[in-house]
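Please look through the structure shown here, beginning with the ligand and then turning to the open and closed spaces in the protein and to two details of the backbone.

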Amino acid sequence: MPGFELIGKEEHEELNDLMTNSGILFRHGFDALRNNIYKVKEFENNFAEFMQVKNALAVTSGTSALHVALKAFGIGAGDEVITQAFTFVATVEAIVESGAKPVICDIDETLNLDSSYLDKYVNTNTKAIIVVHMLGTPCNMNGVLKFAKKHNLKVIEDTAWGCGGKFNEQYLGTLGDAGTYSFDFAKTITTGEGGMVIIKDELAFERAKAYHDHGHENNPSLPRWEDSRSSSGFNYRMSELQGAIGIAQLKKLNFIVDSQRSNASKIKNILIQKKYKIRDVPEHSFETCDAVVFFAENKQKAISIRNKLLKCNISTKILPEAMSWHFAESWDHIDELKNDSKMPNLEISRNILERAVALPVFVKMKDDYFNSLKSVL
Ligand SMILES: *Cc1c(COP(=O)(O)O)cnc(C)c1O
């Protein structure tokens, strides 16, 4: 959860450096006025180095990161994109905005996409799969990558909660063709609002860069006002203010993930003692542990556990109380889902999600918390 818990003097110093020594808040140009300070560029370079990839592109949000990735692969009207039933509504919004049709796949008790169901959803229009590492537990990528290869589909990892997590020793967001990250205020690291896209294919990465900047190709031999362009775009540029904060937050990512993992393991131990079944974790996962999810016997029990926890000032997160924003079956406000005559029945996912309770994990958690949790459960 907690980039926001650690906003402090390092972020302040980065902002001071920007305001005192540059004052240029736009990522491009003004070269003579900015003392060689390019915060967004520096954040992108540091992020790519951290994730052990060549390129990263900063954008305005995790939602725009998904939109940019879809555009970079040329996905649009007439295409279909498969994603999972349990995700934040943003994943489906990005597919809808791209013009493609969202197709919803059931999850299993990892709470992420179950690749054994993919066969049911694929057809000649299918172009991509967006997996989501929901709440920081990796999606089991082995089956997804194999399936995608067989059917020639792009794999985009929505890594909004998985920044700093790994699967098979590789950072989440770097296993598929593209990875997208969110730095909104509730995510593992934050720039207030913001996001990042990693794309492996260099041509697609160039398209992403242009798309997020009105089609600008940033041709080094031309001034920006005469810049070359070969496709339409939009404006998803990150500002230097966000870039400055991102530089400081990224330096805290390892500490955040380590702290969350350590607190999550204390919570898991209590749940095991109390004989609760915990969410499945795929083998070879390194979780960011944004939340610990466990299962009650049924929906009513899940709600009554939440009520008991709340009385002792222990909050839950998303499950069970905010399922309507995170479960595709609830989204009858999205015409593209509501009017889809082939919208699958998501009973499998519903039966899993409505029994689930999620406890948010923070960097700073006191012994009091663990003691109360033990006594309430
Ligand atoms: C937060 C989130 C997003 C969107 O990120 P924003 O930066 O808030 O736009 C996308 N997908 C998932 C799974 C998320 O949790």
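A polar backbone atom of Gly 62 lies 2.7 Å from an oxygen atom of the ligand, a polar contact in the sense of a pair of N or O atoms within 3.5 Å. The model is a predicted one, in which local features need pLDDT of at least 70 and side-chain atom pairs count only at pLDDT 80 or more, while totals for chains, interfaces and linings use all residues. Residues are numbered from 1 along each chain as its sequence is written, and side-chain values use heavy atoms, with hydrogens and water left out.

Two side chains also come into polar contact with the ligand: a polar side-chain atom of Asp 184 is 2.6 Å from an oxygen atom of the ligand, and an N or O atom in the side chain of Lys 187 is 3.1 Å from an oxygen atom of the ligand. Of the 380 Å² of accessible area that the ligand has on its own, the protein covers 93%, as computed by the Shrake-Rupley method with a 1.4 Å probe.

The shell around the ligand holds 15 residues, of which Gly 62, Thr 63, Ser 182, Asp 184 and Lys 187 are the closest; a residue belongs to it if one of its heavy atoms lies within 4 Å of the ligand. By class, 5 of the shell residues are nonpolar, 7 are polar and 3 are charged, where Ala, Val, Leu, Ile, Met, Phe, Trp, Tyr, Cys and Pro count as nonpolar, Asp, Glu, Lys and Arg as charged, and the others, Gly among them, as polar. Helix H3 (62–72) and helix H4 (89–98) each give at least two residues to this shell; helices (H or I, at least four residues) and strands (E, at least two) are DSSP runs, numbered from the N terminus.

In which pocket does the ligand sit? The ligand occupies the second largest pocket, in the sense that more than half of its atoms lie within 2 Å of the pocket's grid points. On a 1 Å grid over the protein atoms alone, a pocket is an open set of points with protein on both sides within 12 Å along at least five of seven lines, a cavity is a set where a 1.4 Å probe fits but cannot get out, and lining residues have an atom within 4 Å of a point. The second largest pocket has a volume of about 320 Å³, and among its 23 lining residues Phe 88, Ala 90, Ser 182, Asp 184 and Lys 187 lie nearest its centre. H3, H4 and strand E8 (178–182) each supply at least two residues of this lining.

The largest pocket, with a volume of about 600 Å³, is lined by 28 residues, and Arg 27, His 28, Gly 29, Asn 218 and Arg 224 are those nearest its centre. Helix H2 (39–51) and helix H6 (202–211) each provide at least two residues of its lining, and H2 gives the most, with 4 residues. This lining divides into 11 nonpolar, 7 polar and 10 charged residues.

A search of the whole structure finds 1 cavity of 30 Å³ or more. Strand E12 (residues 291–295) gives the largest share of the lining of the largest cavity, 3 residues.

Two backbone details remain. Most residues other than glycine have a negative phi, and most peptide bonds are trans. The peptide bond from Leu 319 to Pro 320 is cis, with omega near 0°, and Pro 320 lies in the loop between helix H9 (299–311) and helix H10 (335–338). Gln 52, a residue other than glycine, has a positive phi near 60°, and its place is in the loop between H2 and strand E1 (57–59).

Terms used
A polar contact is a pair of N or O atoms within 3.5 Å; within protein, one must be able to donate a hydrogen and the other to accept it, and residues adjacent in sequence count only if both atoms are side-chain atoms. Grid points are joined across faces, edges and corners, and a volume is the space filled by probe spheres set on the points.
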